[in-house]
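Biologist: Could you take one part of this model and go through it closely, including how it is packed and what it pairs with? Please set it in the context of the whole chain.

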Amino acid sequence: MLDTIGASATRILFVDDEPSILKSLRRVTRSMSAECIFVDNGRDALALMRENPFDVVVSDMRMPEMDGATLLAEIARDYPETMRLVLSGFAEDDLILAAINEGRVWGFIHKPWDDHQLIVTLQHAVTTQQMMVERALLRRTVERYTSELKESFVSFVGGSLPMQAVYNQIERAAPSNASVFITGPSGTGKELAAEAIHKLSERKNGPFIALNCAAIPTELMESEIFGHVKGAFTGAVSARDGAATQAHNGTLFLDEIGEMDISLQAKLLRFIQTGSFQKVGGTKQENVNIRFVCATNRAPLDAIANGTLREDLYYRLNVVALHLPPLNQRENDPILLANTFLQRFAAQERKELVGFSSEASSLILGYDWPGNVRQLQNCIHNVVVMSAGPLITPNDIAIALQLDPQQVATIISNKALTKPFTPSAAPIAPNASKPNADELQPLSKIEKNYIELAIEVCHGNVVKAASALGVSPSTLYRKIQSWEAKAS
Ligand SMILES: Nc1ncnc2c1ncn2[C@@H]1O[C@H](COP(=O)(O)OP(=O)(O)OP(=O)(O)O)[C@@H](O)[C@H]1O
């Protein structure tokens with residue numbers, strides 16, 4: 001027998017072999033905004049579950065054929081997100097408590113019931129069920145998101161969203177043979193990106209040859225690229241291979257391409273187009289198989305307008321464009337990088353340093369880093385060498401960056417102002433009256449409360465909350481996961 005009341009997104013199934021009980025349940029639940037279905041045996045209940053699982057199932061215990069315990073145990077096994085309640089007499093309390101302890105049953109309603117109490121219990125079951133479904137959904141989202149976000153990639157350290165985009169582009173570009181043109185301010189990791197492209201390509205076992213066009217005198221550049229034969233010019237006492245020969249079957253990285261002499265750029269273009277070249281002073285054509293990656297920290301279109309970069313060379317090299325953002329646009333990466341460099345240099349210098357004070361972290365996050373990651377790396381190396389430790393203070397960083405106390409105070413207070421919420425929004429406000437010793441809360445609980453508050457203030461945006469809290473999003477996701485694991 002099957003009977004239905006109402007039509008709603010929420011669906012409740014009642015199972016009882018007593019027609020009078022089903023009749024009363026039908027009367028009481030009429031006021032609920034839920035679709036209620038009534039059946040008089042467990043077999044029909046399971047068939048309906050298979051068709052379209054219910055949010056809540058309320059079952060009598062003693063029924064012929066299939067009793068309530070068996071029915072709810074099957075539902076618990078096959079539909080764990082369905083809330084399971086028992087409709088019982090007092091004599092069955094021990095049995096029900098055992099079922100609750102084993103997780104087969106969520107709650108019970110005693111017969112005869114109080115109508116009001118019955119509605120409250122059902123509504124509570126519906127709310128709990130919705131929360132369970134949302135939590136399961138959140139867990140799946142968290143797992144998917146955490147597995148996609150990277151805090152490091154090849155030799156890069158950084159978990160910010162702009163760097164996730166860089167990692168994705170590198171992953172996609174690497175397997176191809178297309179030339180890559182990398183732009184970005186000095187010290188942002190352009191050479192690191194070129195190496196990553198090489199390491200992730202099929203040429204990874206071949207050579208990676210880097211040539212800095214700004215560091216080599218113009219008159220030597222052609223020979224550096226193409227090599228020379230013996231006697232090609234004064235001082236060419238023996239023949240020498242250039243980068244083009246050395247990079248055969250590998251990758252040639254031309255850094256600061258805009259600094260290369262413009263007439264040499266024409267020769268380079270020919271070489272890129274044909275794959276063949278002649279050594280300086282030589283007559284023999286040499287053929288090589290090379291992937292080209294180049295970089296500049298200037299705007300390439302400005303360099304073309306100024307006449308320092310050939311337009312045809314630029315378009316030939318710029319098959320894939322990759323831009324590395326300045327460090328001050330990388331959310332909390334400065335902290336992540338600073339900690340990585342601290343560990344690396346502390347081990348190298350054999351110093352016991354425990355980490356950065358919270359004000360030192362604010363200074364690192366608030367400072368502009370015009371020299372980008374290279375400047376941060378050098379700064380932390382300096383701090384490791386010079387700091388007395390064990391905790392690194394803002395003063396240690398100020399000395400390395402040559403900042404005066406006023407500048408330090410301004411950066412730290414500006415950083416505090418840009419935070420979406422301040423410590424006064426924390427569960428323990430600094431101006432709150434001091435708690436007694438027995439009122440103190442475990443640090444882990446305060447951390448959990450504060451993180452939950454941050455996520456709430458950021459309207460559920462975990463990435464934004466992580467940025468406000470000065471940690472990486474994956475740190476937050478890991479914590480959420482560990483709380484969920486403990487709760488379930
Ligand atoms: N995301 C990063 N993680 C770890 N180390 C980094 C990162 N970015 C840069 N570095 C380090 O910073 C230094 C500068 O990086 P790199 O030489 O690749 O920058 P660049 O953009 O090529 O600089 P330039 O324009 O001056 O040539 C290197 O020591 C590099 O290892």
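Modeller: What follows is a close look at one strand, with a helix for comparison and a note on the ligand.

This is a predicted model, in which local features need pLDDT of at least 70, side-chain atom pairs count only at pLDDT 80 or more, and totals for chains, interfaces and linings use all residues. Residues are numbered from 1 along each chain as its sequence is written.

The protein has 20 helices and 19 strands (DSSP runs numbered from the N terminus: H or I of at least four residues, E of at least two). Of its 488 residues, 35% count as buried (20 or more other C-beta atoms, placed from the backbone, within 10 Å of a residue's own).

The part to examine is strand 5, residues 83–88, where six of the six residues are buried. Met83, Leu85 and Leu87 point one way from the strand, while Arg84, Val86 and Ser88 point the other way. Burial holds for the residues of both sets, including Arg84 and Ser88.

Strand 5 pairs with strand 4, residues 56–60, in the parallel sense over five bridges (pairing needs at least two DSSP bridges). Within that pairing, Val56 has Met83 of strand 5 as its bridge partner. Between strand 4 and strand 5 the chain passes through helix 3, residues 68–78, in a right-handed β-α-β crossover (clockwise from the first strand over the helix to the second, with the strands pointing away from the viewer).

Strand 5 is also joined to strand 6, residues 107–110, by four bridges, and these two strands run parallel. There, Ser88 has His110 of strand 6 as its bridge partner. Ser88 is therefore a buried residue that also takes part in a bridge to strand 6.

Helix 16, residues 394–401, offers a helical case of burial: six of its eight residues are buried, so the helix is largely enclosed by the rest of the structure. The buried residues of helix 16 are Pro394, Asp396, Ile397, Ala398, Ala400 and Leu401. Gln402, just after helix 16, takes a positive phi of about 55 degrees.

As for the ligand, 17 residues surround it (C-beta atom, placed from the backbone, within 6 Å). The closest are Ser186, Gly189, Lys190, Glu191 and Val373. The elements that each give two or more residues to this shell are strand 8 (156–157), helix 7 (190–199) and helix 15 (372–386).

Terms used: Buried ≥ 20, exposed ≤ 12 C-beta atoms within 10 Å, placed from the backbone.
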